[in-house]
Amino acid sequence: MSVATTASEPTTRTEGLRASILQRLVVRPELGALIGALVVFLFFSLITDKFLSALGVSNWLDDASTLGIMAVAVALLMIGGEFDLSAGVMTASTALVTALLTVNAGWNVWLALAVSLVFALAVGALNGWVVMRTGLPSFIVTLGTFLALQGLNLGVTRWVTGTVQVSGVRGADGYQSAGWVFASTTDIGDAHIQASVVWWIVLTAIAAIVLMRTRFGNWIFAVGGSLQSARAVGVPAARTKIILFMTTAFAGWVVGACNLLRFSSVQANQGVGLEFQYIIAAVVGGCLLTGGFGSVVGAALGALTFGMARQGIVFAGWNSDWFMLFLGVLLLSAVLVNNAFKKRAERVRR
């Protein structure tokens, strides 16, 4: 009797350990994004040999990087319970400010970048302040910002240059050093890795640490879960949300700088419509539309899934229109999976 009991103890302990590991996995919001990324990776790896070639890897990492930078910032904002529909057009606005100051006013690239950064942070702070001051939905406030910025981009660019494009940044002072920071290429074997990929990885790591290891990260979850409850326990809700809006604006500045210095030109309508892809990537990564739940690592994985799918479709020789079908199916699937994971996580925590 005693021997049987003793023999069963290791088995019971092992089963308990397995159950504990499964419970920890289930409560992680990025689990669905990881599974989705693995499925897409394996699918296109089998469909086309080009997908895993050095050129293929370079292409889908490059495709995912700028989307990933924005998706991470948008994920933080969504976890905080808000949306930013001006995130896409902000990438063009900041790039246009930099380009107009360097090409048409003759400024040094670094000084122009500093001014465009101040511009971005000011717009982000204004978005956050209006949302918190008026109580209006961020969807409406940032939609207004989106329209205003789009009009400014087109109107000012056409007024200054006579066209809707600014080019010629390569000849400006400071381009070489700024280009190295935002648009250089690192060769790893036969793969050519863009600087935007490095920015993506670094910003994702920083955001993950802030979200999961700092007091500010706790504030983000608190204001997204219940604004009134967060205020009741002393969370500086207005400051937290304003900083989150400034974070998406900063990410827009980074993406705008990367694109401008890489291609040395910018279109006034650049980035329009991409805000929905940023939101979809964040949702795929585990963020709920209601706030208070999500993961920046998951958002980065969501962006990676986008990049792999978009380039995989090209390598497979399919019509690129299929990508939009993929986005629609992916969004609906992600919402269903995220809701299921959240309910399971709430049961586990109880």
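This passage describes the fold, core, ring pairs, salt bridges and surface of a predicted model.

The chain holds 14 helices and 4 strands. Of its 350 residues, 48% are buried. Contacts with a separation of 6 or more were examined by sequence distance, and residues 24 or more positions apart account for 78% of them. The accessible surface comes to about 16,700 Å². Carbon and sulfur atoms make up 66% of that surface.

The largest nonpolar core contains 95 residues. Within this core, Val109, Leu113, Trp200, Leu261 and Val296 touch the most other members. Helix 3 (residues 54-79) gives the most to the core, with 15 residues. Val296 illustrates the packing. Beyond residues up to four places away in sequence, Val296 touches Val72, Ala75 and Leu76. Val296 also touches Thr204, Ala207, Ala208 and Leu211.

Helix 12 (residues 274-284) is largely enclosed by the rest of the structure, because 9 of its 11 residues are buried. The buried residues include the polar side chains of Glu275 and Gln277. They also include Tyr278, Ile279, Ile280, Ala281, Ala282, Val283 and Val284. Just after helix 12, Gly286 takes a positive phi of about 115°.

Aromatic pairs number 12 in the structure. One of them joins Phe44 and Trp318. This pair is tilted, with 5.9 Å centre to centre and 50° between the planes. Phe44 lies in helix 2 (residues 31-47), and Trp318 lies in the loop between helix 13 (296-315) and helix 14 (322-349). The pair therefore ties together parts that are 274 residues apart in sequence. The two partners are covered to unlike degrees. Phe44 is buried at 5% relative accessibility, whereas Trp318 is partly exposed at 38%.

A second pair, Phe182 with Trp199, is stacked. Its ring centres are 5.2 Å apart, and its planes differ by 5°. Phe182 belongs to helix 7 (residues 175-183) and Trp199 to helix 8 (residues 195-213), so this pair ties together parts 17 residues apart in sequence. Phe182 is buried, with a relative accessibility of 3%.

Ring pairs also build a cluster from Phe41, Phe43, Phe44, Phe51, Trp60 and Trp318. Leu52 contacts one member of that cluster, Phe41. Leu52 lies in the loop between helix 2 and helix 3. Leu52 is partly exposed at 45% relative accessibility. Leaving aside neighbours within four places in sequence, its contacts are Phe41, Ser45 and Val57. Leu52 and Gly312 are 260 residues apart in sequence, yet their C-alpha atoms are 9.8 Å apart in space.

The model contains 3 salt bridges. Asp62 pairs with Arg262, and the closest N and O atoms are 2.8 Å apart. Asp62 lies in helix 3 and Arg262 in helix 11 (residues 237-263), so the bridge ties together parts 200 residues apart in sequence. Arg262 is partly exposed, with a relative accessible area of 27%.

Asp63 forms a salt bridge with Arg310, again with closest N and O atoms 2.8 Å apart. This bridge links helix 3, through Asp63, to helix 13, through Arg310, across 247 residues. Asp63 is buried, with a relative accessible area of 15%. Arg310 is partly exposed, at 23%.

Glu82 and Lys241 form another salt bridge, with 2.5 Å between the closest N and O atoms. Glu82 sits in the loop between helix 3 and helix 4 (87-104), and Lys241 sits in helix 11. The pair therefore ties together parts 159 residues apart in sequence. Glu82 is buried at 9% relative accessibility. Lys241 is buried as well, at 4%.

On the surface, Phe43, Ile47, Trp318, Trp322, Leu325 and Val329 make a nonpolar patch of about 600 Å². Helix 2 and helix 14 are the elements that give two or more residues to the patch. Helix 14 gives the most, with 3 residues. Leu325 is found in helix 14 and is partly exposed at 47% relative accessibility. Trp318 belongs to this patch and also to the aromatic cluster. Phe43 is likewise a member of the patch and of the cluster.

Conventions. Residues are numbered from 1 along each chain as its sequence is written. This is a predicted model: local features need pLDDT of at least 70, side-chain atom pairs count only at pLDDT 80 or more; totals for chains, interfaces and linings use all residues. Side-chain values use heavy atoms; hydrogens and water are left out. Rings of Phe, Tyr and Trp (its six-membered ring) pair if their centres lie within 6.5 Å; planes under 30 degrees apart count as stacked, over 60 as edge-to-face and the rest as tilted. Buried means under 20% relative accessible area, exposed over 50%, partly exposed in between (1.4 Å probe, protein chains only). A nonpolar core is a set of buried Ala, Val, Leu, Ile, Met, Phe, Trp, Tyr and Cys residues joined through side-chain atoms within 4.5 Å. Contact means heavy atoms within 4.5 Å. Accessible areas come from the Shrake-Rupley method with a 1.4 Å probe; for residues, only the protein chains shown count as cover. Patches are made of residues with over 30% relative accessible area and no salt bridge: like charges are joined within 9 Å, nonpolar side chains (Val, Leu, Ile, Met, Phe, Trp, Tyr) within 5 Å. A salt bridge is a side-chain nitrogen of Lys or Arg within 4 Å of a carboxyl oxygen of Asp or Glu.
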